[in-house]
Amino acid sequence: MDFIVAGFIKAIELLVSGDSSTWTAVLATLQVSTCSMLLSIGAGLPCGFVIGYFDFKYKKHVRTLLDTLLALPTVFIGLAVYAFISHQGPLGEMGLLFTLTGIAIGQTILAFPIVTAITASTIENIDQDLKLTLVTLGAGKRHIIATCLWEVRYGILAAAVTAYGRVLTEVGISMMVGGNIKYQTRTVTTAIALETSKGLFADGIALGIVLIMIAFIVNLSLSFLRRQ
Amino acid sequence: MTKINLTYHLKNIRHYYGNTKVLDIEDLKIEKGSITGLIGPNGSGKTTLLKLLAFAGRPTAGNILYNGRQEFPFSPTIRSKVTLLTQKPYLLKRTVFENIVYGLKIRKDKEYLETRVKKALSTVGLDYQDFAPRKWHELSGGEAQRVAMAARLILKPEVLLLDEPIASVDAKSAKLIREASLKARDTWGTTLVIASHDLQWLYSISDRQLSLFKGNIFSTGIENIITGPFEKINGESLVKTLGDGQAITLKGPAPKVCTAVIKKDSISIDLKKQAGDSGLNQLSGLLASMLLEKKSGHIMATVSIHDLSFVLRLTPDKISRLNLYPGKKVILRFHSNEVEWI
């Protein structure tokens, strides 16, 4: 029990003293998660809208596939991305292995089905009266789409928050694709895994606290936006 | 040739949901600047008809001519002229002001918005200062209904379609919605089609009433629908026995057909039963209500006979001669031949 208490005290010391290895991991985490979130929202939002809004052949199959992708293990994504960007892989020449870009690609793959599936469900659950109301107020297709998205903005925010939570806390992709290189590709989660394996619980707990704080700040900002 | 003073001309409209036919209208004309009331039980096709009139959907078969021209559903031109207020109006998750100007903004009409919103809100009896900044969830059901009405009125539509506009509002709101509808017609020549279960309110506002039942339209207004089961006797008569022991005998066709329509003009009223004619139905009931039919000056009387309600049209003379008043015991009379089967 003592080591946990000591861990908390050490955590506060590390954060307050501005420990460079801790803060580079924090920055790396923020960089890759923000980048992967922007990419997955950019791709997932329109895809989710199309799947949720329109009826088309094989829609059910697409939904099933999407739901399956929700359960993709991060180590599998890490493995797949590794295979593609390693020197022997088709994208090997791009030199993405053991870079933050490589991690961001993997995390985008992780977040994309989450954003898409939640957006599709949100759009599917739009009140049927909304579309009828918009049609009968004279809205054209462009206005209907824009207004529908605005009406379900909280649902889409929820999709973003859920996906952000997932990429922020994943270890598999960051470890396999990033390689956990100190001051370069080490993220908060890979650092926690490493420090814990070395028996340095205090450092691990410190980084854990940082992770929780990031998640808290993101959610606080979103709930502020929601109130607006 | 469709005359130009018609707003709508519906020809051979059939509409299906899956395999179920929900509308079957051979010919229906709605004049410009008129107020048409739609009456009918739930599931009779009123909302479907209103959606088709709003061009929010396309009939499975048939044509809808608008101002003598066939319009393509969902076309921007038609959408700017016709608007529908649904039974449960959807307010956008914005302020009242933003809800009301939404239709104008998408028409890129952004002049004097504040003045116009003030006017639209005052038409439906809401104060601008109090209501314009409110959010959608800060309104009661009646207020939301009136805000939705204001959002339609501000568009000065050629056609205003109202689906159960007073279903969930108080008497004051119902009165304001009535006044706003009449004002739209009188000021801009708006054509209104209104579906409502509140006959008294509907008769007080509409020029004519159409009755719908199972997708069939009766241009003579509300009619008496008697649903089965019927018992077949003597090969050609069908009998429906009411809970109080009285029986309605009707000349029947094929046994599969189980809904009878007895036109209100085929029914007469008296205070005593008449001897003779065995083909005559004479049913004892209570006069439940009386409504003035604005256009004809006749009175629409409703007579309750056990769990059925019969509507018939009476002249003011007849009412004073028989000294009729709600609650009075009366005899309804109609011949067993005077029936249509649908």
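**Stop 1: where the two chains meet**

Start by selecting the contact between the chains of this predicted model: chain A brings 14 residues to it and chain B brings 19 residues. On chain A, colour helix H6 (128–136) and helix H7 (141–151), since each of them supplies at least two residues of the side that touches chain B. Which helix gives the most to this side of chain A? The answer is H6(A), with six residues. If you colour by residue class, the side of chain A that touches chain B shows five nonpolar, six polar and three charged residues.

**Stop 2: chain A as a whole**

Now hide chain B and look at chain A alone. How many helices and strands does chain A have? You will find 11 helices and zero strands, so that a walk along the sequence reads α-α-α-α-α-α-α-α-α-α-α. The C-alpha trace of chain A spans about 65 × 45 × 30 Å along its principal axes. Chain A has 228 residues, and 41% of them are buried. Take the contacts in chain A that join residues at least 6 apart in sequence: 77% of these link residues at least 24 apart.

**Stop 3: Ile192(A)**

Stay in chain A and select helix H10 (residues 188–197), where Ile192(A) has its place. Is Ile192(A) buried or exposed? Ile192(A) counts as buried because 23 C-beta neighbours lie inside 10 Å. Leaving out residues up to four places away in sequence, show its contacts: Ile192(A) touches Gly204(A), Leu207(A) and Gly208(A). For a distance to draw in the viewer, pick the C-alpha atoms of Ile192(A) and Ile173(A), which are 14 Å apart in space and 19 residues apart in sequence.

**Stop 4: the two domains of chain B**

Bring chain B back and give its domains separate colours. The domain assignment lists domain 1 (6–218) and domain 2 (224–341). Between the C-alpha centres of domain 1 and domain 2 of chain B, the distance is 34 Å. At their meeting place, seven residues of domain 1 of chain B are in contact with eight residues of domain 2 of chain B. On the domain 1 side, select helix H8 (199–205) and strand E9 (208–213) of chain B, the elements that give two or more residues to the contact with domain 2. The largest share of that side, three residues, comes from H8(B). By class, the domain 1 side has three nonpolar, one polar and three charged residues.

**Stop 5: the nonpolar cores**

Next, look inside. The largest nonpolar core has 96 residues, and the ones with the most contacts inside it are Ile100(B), Val147(B), Ala150(B), Ile154(B), Leu161(B), Ile194(B) and Leu332(B). Helix H6 (residues 141–153) of chain B gives the most to this core, with seven residues. At least three residues of this core come from each of domain 1 (6–218) and domain 2 (224–341) of chain B.

Zoom in on Leu332(B). Which residues is Leu332(B) in contact with, leaving aside its neighbours within four places in sequence? They are Ile267(B), Ile269(B), Leu283(B), Gly285(B), Val303(B), Ile305(B) and Phe310(B). Apart from the largest core lies another core, of 53 residues, among them Ile85(A), Ala117(A), Ile118(A) and Ala191(A).

**Stop 6: two crossing helices in chain B**

Show H3(B) and H6(B) together. Their axes come within 7 Å and cross at roughly 35°, and the crossing is right-handed. To see the contact, select Val96(B), Asn99(B), Ile100(B), Tyr102(B) and Gly103(B) in H3(B), which meet Val147(B), Ala150(B) and Ala151(B) in H6(B). This contact has six nonpolar, two polar and no charged residues.

**Stop 7: Arg94(B)**

Finish at Arg94(B), found in the loop between strand E6 (82–85) and helix H3 (96–106) of chain B. Why does Arg94(B) count as partly exposed? Arg94(B) has 16 C-beta neighbours inside 10 Å, and a residue would need 20 or more to be buried, or 12 or fewer to be exposed. Not counting residues up to four places away in sequence, Arg94(B) touches Asn99(B) and Trp136(B). As a last distance, pick Arg94(B) and Lys135(B): their C-alpha atoms are separated by 5.7 Å, while the two residues are 41 residues apart along the chain.

Notes: Residues are numbered from 1 along each chain as its sequence is written. Chains are lettered from A and ligands numbered from 1 in the order in which they are written. This is a predicted model: local features need pLDDT of at least 70, side-chain atom pairs count only at pLDDT 80 or more; totals for chains, interfaces and linings use all residues. Two residues are in contact if their C-beta atoms, placed from the backbone, lie within 7 Å. Helices (H or I, at least four residues) and strands (E, at least two) are DSSP runs, numbered from the N terminus. Ala, Val, Leu, Ile, Met, Phe, Trp, Tyr, Cys and Pro count as nonpolar, Asp, Glu, Lys and Arg as charged, and the others, Gly among them, as polar. Domain bounds come from an automatic or database domain assignment. A nonpolar core is a set of buried Ala, Val, Leu, Ile, Met, Phe, Trp, Tyr and Cys residues joined through C-beta atoms within 7 Å. Axes are lines fitted to C-alpha atoms, for helices over the stretch in contact, and angles run from 0 to 180 degrees between N-to-C directions. A crossing is left-handed if the near helix is turned anticlockwise from the far one by less than a right angle, and right-handed if clockwise.
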